[in-house]
Amino acid sequence: MKKYLIALLAIFSLGQVAFIPSPLAQNPGVTIPDFADLVERSSPAVVNICTTEKVVVQQAQGGIPGMPEDQAEFFRRFFGVPIPGIPNAPKQAQPNPGKPQEADRGVGSGFIIDSNGLILTNAHVVEGATTIYVTLTDKREFKAKLLGMDKRTDVAVVKIEARDLPKLPLGDSSKVRVGEWVLAIGSPFGLENTVTAGIVSAKSRDTGDYLPFIQTDVAVNPGNSGGPLLNTAGQVIGMNSQIFSRSGGYMGISFAIPIDEAMRVADQLRTNGKMTRGRIGVTLGEMTKEVAESLGLGKPRGAYVRNVEPGGPAAAGGIAAGDVILSFNGRDIAKLTDLPRVVGETKPGTSVSMQVWRKGGTRELTVTVTDTDSAQAANKKPETPATNGNSANTLGVIVGELSDAKKKALNIKGGLEVTGLGDGPLARAGIRPGDVIIRVADADITGVKQFESLVKGLDASKAVPVFIRRTDSTLVVPVRPK
């Protein structure tokens, strides 16, 4: 009690409150930015986008489906909204019922990147629209032409017939720092030129194969999509694209496409009308801690190759299922999602060097990147082969020889098929009959006798990686022999 009274006396002295200074007062160099001038400069280059689509209009039956009569009457009295089926309400005619009609589809945002009418927005804002209308802050409205869109990155470019328009300066999204102030301008819920502010809360968020998003706590809602994310210098560092929400509204997290990535896509869309990406023909799998340790990598890194497309660029360059790609064209691959991005950015026809991890060491390979539009090799369904024998072993599986037909179908040179399961580590790991064991540790499997000898010599105290071929994927299963 005495300590409590002493604390009170320290705060209240001679009837006056002794206020504790805030961190901002203690650090006069720290100030909250005033966004007013920035908004005044930037707003004229932000546009509202409204789209329509063809729908079949049915004959009205009266009333509004799903709306109670008392609510409908409220809207009629206070907002002048005509409600069909309500007494004294104007009748609404439905022209040509049953035939396609233009109907409002949705609203979004965009921003001008060229004074001659080029506008950047999200692909999901304009996808499926029959008509795109762009409204400027001076209330001029234009019908826009879609130059191209890329759904994988959610980027679209539209053009309006206008000149000498205000445009936004572009920043460098690679220099964005977590914690810096940012500002969003857009049309949330159709409310044009709404400004919200916050900070960058994270970078390089993986929510897709081709984009490392900028995460912010800026209030972004439906309708903000396609609007700019600005830094305090008034430069565009991102385009607002996604929200994390359980209700459809803002919940404290939003995501923006880095402007460097968006413009790389936009440049191709305005020139070619589509996005062309490089490809090498591999299917990737997640690199877990257990798999990395069993392969001798130490820590999870790189992109694990589950499958190689027969006759594709990776196969021609010597990439094999079970490899771990550590670098591509001089760029380190830290995680699975890094590889599709760097490959996609590579111009088709380019020969690049790759570093892969295989059998406890690194190898340097060269692969020629092709176009994503190139014809895909046909995947043949593996046949059910006959087996030429079987063998029990300490891994808990019965194996048999592979037919030449299955080897060809799976695009492998050797291996043994699992024909039965016993009580052992592979069975407990989920291996099933029909799977093919192609490698144990660093040894390729060539036959039953070689496999038996190899398994007998395994150290039961250490986890060993077993490479399993299943349909078109290669799995790595770390196990300890019993």
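In the predicted model, E192 is partly exposed, with a relative accessibility of 35%. The side chain of E192 forms a salt bridge with K139, in which the closest N and O atoms are 3.7 Å apart. K139 is itself exposed, its relative accessible area being 61%. The two residues lie 53 residues apart and link distant parts of the chain: K139 belongs to the loop between β6 (131-135) and β7 (141-150), and E192 to the loop between β9 and β10 (194-206).

A search of the whole structure yields 14 salt bridges. One of these pairs D150 with R277 at an N to O distance of 2.4 Å. Because D150 is located in strand β7 and R277 in the loop between α6 and β15 (278-279), this contact ties together parts that are 127 residues apart in sequence. Both partners count as buried, D150 at 7% relative accessibility and R277 at 5%.

E309 and R279 form a further salt bridge (2.6 Å, N to O), and E309 and R279 are likewise buried. Here the loop between β17 (303-308) and α8 (313-316), which holds E309, is tied to strand β15, which holds R279, across 30 residues of sequence. In addition, K335, D338 and R341 are joined into one network by salt bridges with shared partners.

With regard to nonpolar packing, the largest core contains 28 residues, of which F111, L120 and V155 touch the most other members. Elements that each supply at least two residues include α3 (36-42), β4 (100-114), β13 (236-243) and α6 (259-272); the largest share, six residues, comes from α6. A second, separate core comprises 20 residues, among them A303, I325, V342 and V356.

Methods. Residues are numbered from 1 along each chain as its sequence is written. This is a predicted model: local features need pLDDT of at least 70, side-chain atom pairs count only at pLDDT 80 or more; totals for chains, interfaces and linings use all residues. Side-chain values use heavy atoms; hydrogens and water are left out. A nonpolar core is a set of buried Ala, Val, Leu, Ile, Met, Phe, Trp, Tyr and Cys residues joined through side-chain atoms within 4.5 Å. Buried means under 20% relative accessible area, exposed over 50%, partly exposed in between (1.4 Å probe, protein chains only). Helices (H or I, at least four residues) and strands (E, at least two) are DSSP runs, numbered from the N terminus. A salt bridge is a side-chain nitrogen of Lys or Arg within 4 Å of a carboxyl oxygen of Asp or Glu.
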